[in-house]
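Student: I have a structure in front of me that I have not met before, and I would like to learn how to read it. Could we go through it one feature at a time?

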Amino acid sequence: MAVDQEFLYKTLRGFGDTGLPQQTVTMLIIVGFGIVAIAAAVLWYNNRELKKRLNATPTSWITGKKQLEKIFETALVYRSKIDLSFYAKSEKRRTIACSIEDIDGHLKLEIPSNGSIGKSWLGREVNGFFHIPSKQAGMVIFYNFNSVITEVKAKGSQYYNLTLDFPDHIEQTQKREFLRVSPPTRHYDYVNIIPDTKQGMAAGLKFISTNGEYTPGYMGGKDSNVILADISGGGLSLELTHMNSKRAARFKLNKGQNFLVMLSLVDFGNKGIVRHLFIAKIRRLFIDPAQSHAQLGLSFEFQFMGFDEETKKPKWEMVSQNGCPAMDDWTYNLYLELYREGNE
């Protein structure tokens, strides 16, 4: 910039040879230097802002050391479970439940011995998922982080201690109470909706009592299908094929009506297929006459909780505004599974 200023100075001084008054020449020099200074300031500011944008961290990341320690200390106090999974693609479905034992520059986790823990775990990258209570009663906040295992040590015969590098950041994930996920078909075995009538109730209870060996047909007929479009702790969205307005009217498929919903979901633990029966209310209905497809949005109203031991009658539990805990857990575990798959 010094060369440019000297050039500018000589150029403006040249005006003096043309007969301009000295006062005018001085004013021109001052104005010229002012323009150069403003241009330099604008270039500096733009360069600084560009660097900020290029180096900006995602808004969901928490990077402050004190804030990170406070979050992990809260998880320690509340005995929050940490779902630890290996980052390697070959082990993307391997998830282990741990608990925080200590925080002292590192994360020290306690893990039940399962016979496969050893020195081969040293240096391996892992993902951790956990939650802590929020300020709002009954609500929780979910976080995930990446780290590396630096120490594996036996703790008696039943447990191991894993030491992880303290993460340089954690990411706040979607809050569970608002979580809605679209499950791939490999994560559910069967979904259906039938009228909440005496006959429909008998069919729904038979589906549960036979552990899914009996499955009612679809309202759209032999070639029809029901697709689970998305699900949350509070309800789900379904797509019904072969469903036109005439057939929908026959089944009284209207907004505000209650229907029975049956689900066979793939469990994320070791339970295989888990079946559920709900009474659900239609909150949203759209029928596409061109393709004879119906799209339904339903809220869970009552959940089947088994049969009474004395009367043998079905027991139903009202689903609260916070949703169904079982569906809430399944949806969140599905979210974690899809999150891991998307990051490998």
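Tutor: Let us start with a hairpin, keeping in mind that this is a predicted model. In the hairpin of β14 and β15 there are 4 residues between the strands, and among them Ser292 takes a positive phi near 55 degrees.

Student: How should I read the pairing of those two strands, and how many bridges join β14 to β15?

Tutor: Strand β14, residues 273-288, runs antiparallel to β15, and 10 bridges join the two. To find your place along the pair, look for Ile279, which stands opposite Phe302 in β15.

Student: Which strand pairs with β15 over 6 bridges?

Tutor: That is strand β12, residues 235-240, which pairs with β15, residues 293-307, in the antiparallel sense. Here Gly235 stands opposite Ser299 in β15.

Student: And how many bridges join β15 to strand β16?

Tutor: There are 4 bridges between β15 and β16, the latter covering residues 314-318, and these strands also run antiparallel. Phe302, which you met opposite Ile279, stands opposite Met318 in β16. The strands β15 and β16 form a hairpin with 6 residues between them, and Lys312 lies in that turn.

Student: What should I notice about the phi of Lys312?

Tutor: The general idea is that most residues other than glycine have a negative phi. Lys312 is not a glycine, yet its phi is positive, at about 65 degrees. With a relative accessible area of 58%, Lys312 is exposed. Lys252 can be read in a similar way: this residue has a positive phi of about 55 degrees although it is not a glycine, and its place is the loop between α5, residues 245-250, and β13. Lys252 counts as exposed because its relative accessibility is 54%, and the cut-off for that word is over 50%.

Student: Let us turn to the aromatic rings. How many aromatic pairs does the structure hold?

Tutor: The structure holds 13 aromatic pairs. In one of them, Phe268 and Trp330, the ring centres are 5.8 Å apart and the planes stand at 50 degrees, so the pair is tilted. Phe268 lies in the loop between β13 and β14, whereas Trp330 belongs to helix α6, residues 325-342, so the pair ties together parts that are 62 residues apart in sequence.

Student: Are Phe268 and Trp330 buried or exposed?

Tutor: Phe268 counts as partly exposed, at 27% relative accessibility, while Trp330 is buried, with a relative accessible area of 7%. For a stacked case, take Phe278 and Phe300, whose ring centres are 4.1 Å apart with planes at 25 degrees; the pair is stacked because planes under 30 degrees apart count as such. Phe278 lies in strand β14 and Phe300 in strand β15, so this pair ties together parts that are 22 residues apart in sequence. Both Phe278 and Phe300 are buried.

Student: Which residues do ring pairs link into a cluster?

Tutor: The cluster links Phe72, Phe130, Tyr143, Phe145 and Phe166 through ring pairs. A charged end can also sit over a ring: that of Lys65 lies over the ring of Phe166, 5.8 Å from its centre. Elsewhere, the charged end of Lys206 sits over the ring of Tyr214, 4.5 Å from its centre.

Student: Now I would like to read a helix. Which residues of α4 are buried?

Tutor: The general idea is that an α-helix has 3.6 residues a turn, so residues three or four places apart point the same way. In α4, the buried residues are Gly200, Met201, Ala203, Gly204, Leu205, Phe207 and Ile208. They pack against β10, β13, β14, β15 and β16. The helix itself covers residues 198-209, and its 12 residues reach 16 Å from the first C-alpha to the last, close to the 16 Å expected. After α4 comes Asn211, whose phi is positive, near 55 degrees.

Student: Finally, how many disulfides does a search of the whole structure find?

Tutor: The search finds 0 disulfides. You can still look at individual cysteines: Cys98 is buried, with a relative accessible area of 4%, and Cys324 counts as buried at 1% relative accessibility.

Definitions and conventions. Residues numbered from 1 in each chain as written. Predicted model: local features only at pLDDT ≥ 70, side-chain atom pairs only at ≥ 80, totals over all residues. Heavy atoms only, no water. Pairing = 2+ DSSP bridges. Phe/Tyr/Trp six-rings, centres within 6.5 Å; stacked < 30°, edge-to-face > 60°. Buried < 20%, exposed > 50% of the residue type's maximum accessible area, 1.4 Å probe, protein only. Lys NZ or Arg CZ within 6 Å of the ring centre and 35° of its normal. Disulfide = S-S within 2.5 Å. Expected span 1.5 Å × (residues − 1). Contact = heavy atoms within 4.5 Å.
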